[in-house]
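Let's take a friendly walk through this model, one layer at a time. Keep the viewer open and follow along.

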Amino acid sequence: EALTVAPSLATLTLLVERPPAKPERTVLLVGDPDLGHKSFTPLPHARTEIEAIAELSDNATVLVGPRATRGHMEAQHPGRFGTLHIATHTRRGRVAALLLAPDEAGGDPTELKPADVMGMRLIDTNLVVLSACATGHGKTAGPEGLIGLPRAFLIAGARRVLASNIEIVDDKTSRLMQLLYARMGSKHEQPARALLTAQRALLGSPKTSWPGFWAPFFVVGTP
C-alpha cells in the first residue's frame, strides 16, 4: 500500500486543519547547482532529471547551475507553485541542510537549513520533492517528533514532502523521479501512490532492482 507518514501527531493535526492547496500544475525546479568547490561531485543526472520533469510539466520554471541559488529561488516566490523540486547535495549532520549555489560569484555554497525553510510561505504548495541524500535526517524532540527538513517544509505550508533517509544514487534517482512525475501527470496519482508505482517499476527491472536504488524515498505530510 502507498504510505504517507507524519513527523508527529501535532504536525498531523496542523496538516488536517489546513485548507487544501489550490490545484496548481506549476512546478519550480531547482537543481544541479554550481557549488564552486571540487569537493562536491557533479550531478549530471540531476540536470537530466530537471530537464525531463520540465518536459512532463505544463508550466515549469527551471533554475540550474549558477542560477540555482537561494536568492533566485526566493525571487520566484516558491509558495505560488504547486510543486517545488530541489535536486542537489546535502550538508550532513544530525539535521540535514540543502546546498545551493552561492548568491555571489566565488562565494561558498548556501545552506538551506530547516530554520530557513520555516520562514518560507508555501501557501499553495501541494508537494515539495527533495531529490538529495538523506534529506529526511533530523533529531527527535519529544512529542514534536523528528525535527528536520520535511517538518520544516510542512510548517512553512507545504502539504506533502518527498524525502530520503539514506544516500541516493544519482542516475537511478533521476529515473525514479521521471516515473514519479509521469504518474502524477498522466494518471493524476497522489504523490505517495505515484512514488510506490515508480518504486515498483525500478524493483521490476534487473538493472535497478537493488533496494538502494529506489527504497530511500518516502512521503511525509497530508494523507
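## Where two helices meet

In this predicted model, a good place to begin is the contact between H2 and H6. From H2, the residues Pro44, His45, Ala46, Thr48, Glu49, Ala52, Ile53 and Leu56 take part, and they meet Asp170, Asp171, Thr173, Ser174, Met177, Gln178, Tyr181 and Ala182 of H6. Sorted by class, the contact of these helices holds eight nonpolar, five polar and three charged residues.

How are the two helices oriented? Their axes lie 8 Å apart and make an angle of about 10°. Angles under 35 degrees count as roughly parallel, and H2 and H6 are therefore roughly parallel to each other.

## The seven-stranded sheet

Next comes the sheet that the helices lie across. Seven strands make up this open sheet, in the order S1-S12-S11-S8-S4-S2-S3, and their pairing is mixed. At its edges are S1 (4-5) and S3 (59-65), each of which pairs on one side only.

Strand S12 spans residues 217-221 and pairs with S1 in the parallel sense over two bridges. If you would like a specific pair to look up, Thr4 has Val219 in S12 as its bridge partner.

## How the helices lie on the sheet

H2, residues 44-56, lies across S2 (26-33), S3, S4 (83-87) and S8 (127-131). Relative to S2, H2 runs at about 165°. H6, residues 170-186, lies across S4, S8, S11 (160-164) and S12. Here the angle is about 165° to S8.

## A three-stranded sheet

The model also has an open sheet of three strands, ordered S5-S6-S7, with antiparallel pairing. S5 (90-91) and S7 (110-112) each have a single partner strand, so one side of each is left without a neighbour in the sheet.

Between S6, which covers residues 97-100, and S7, the antiparallel pairing runs over three bridges. Leu100, for instance, has Thr110 in S7 as its bridge partner.

## The largest pocket

How much space lies in the largest pocket? The volume comes to about 570 Å³. Its lining counts 27 residues, and those nearest the centre are Glu24, Arg25, Thr83, Asn126 and Met184.

By class, the lining divides into eleven nonpolar, eight polar and eight charged residues. H6 supplies the largest share of this lining, with three residues. That brings us back to the helix that also packs with H2 at an angle of about 10°.

Terms used: Residues are numbered from 1 along each chain as its sequence is written. This is a predicted model: local features need pLDDT of at least 70, side-chain atom pairs count only at pLDDT 80 or more; totals for chains, interfaces and linings use all residues. Side-chain values use heavy atoms; hydrogens and water are left out. Two strands pair if DSSP finds at least two bridges between them. Helices (H or I, at least four residues) and strands (E, at least two) are DSSP runs, numbered from the N terminus. Contact means heavy atoms within 4.5 Å. Axes are lines fitted to C-alpha atoms, for helices over the stretch in contact, and angles run from 0 to 180 degrees between N-to-C directions. On a 1 Å grid over the protein atoms alone, a cavity is a set of points where a 1.4 Å probe fits but cannot get out, and a pocket is an open set with protein on both sides within 12 Å along at least five of seven lines; lining residues have an atom within 4 Å of a point. Grid points are joined across faces, edges and corners, and a volume is the space filled by probe spheres set on the points. Ala, Val, Leu, Ile, Met, Phe, Trp, Tyr, Cys and Pro count as nonpolar, Asp, Glu, Lys and Arg as charged, and the others, Gly among them, as polar. Angles under 35 degrees count as roughly parallel, over 145 as roughly antiparallel, 65 to 115 as roughly perpendicular and the rest as oblique.
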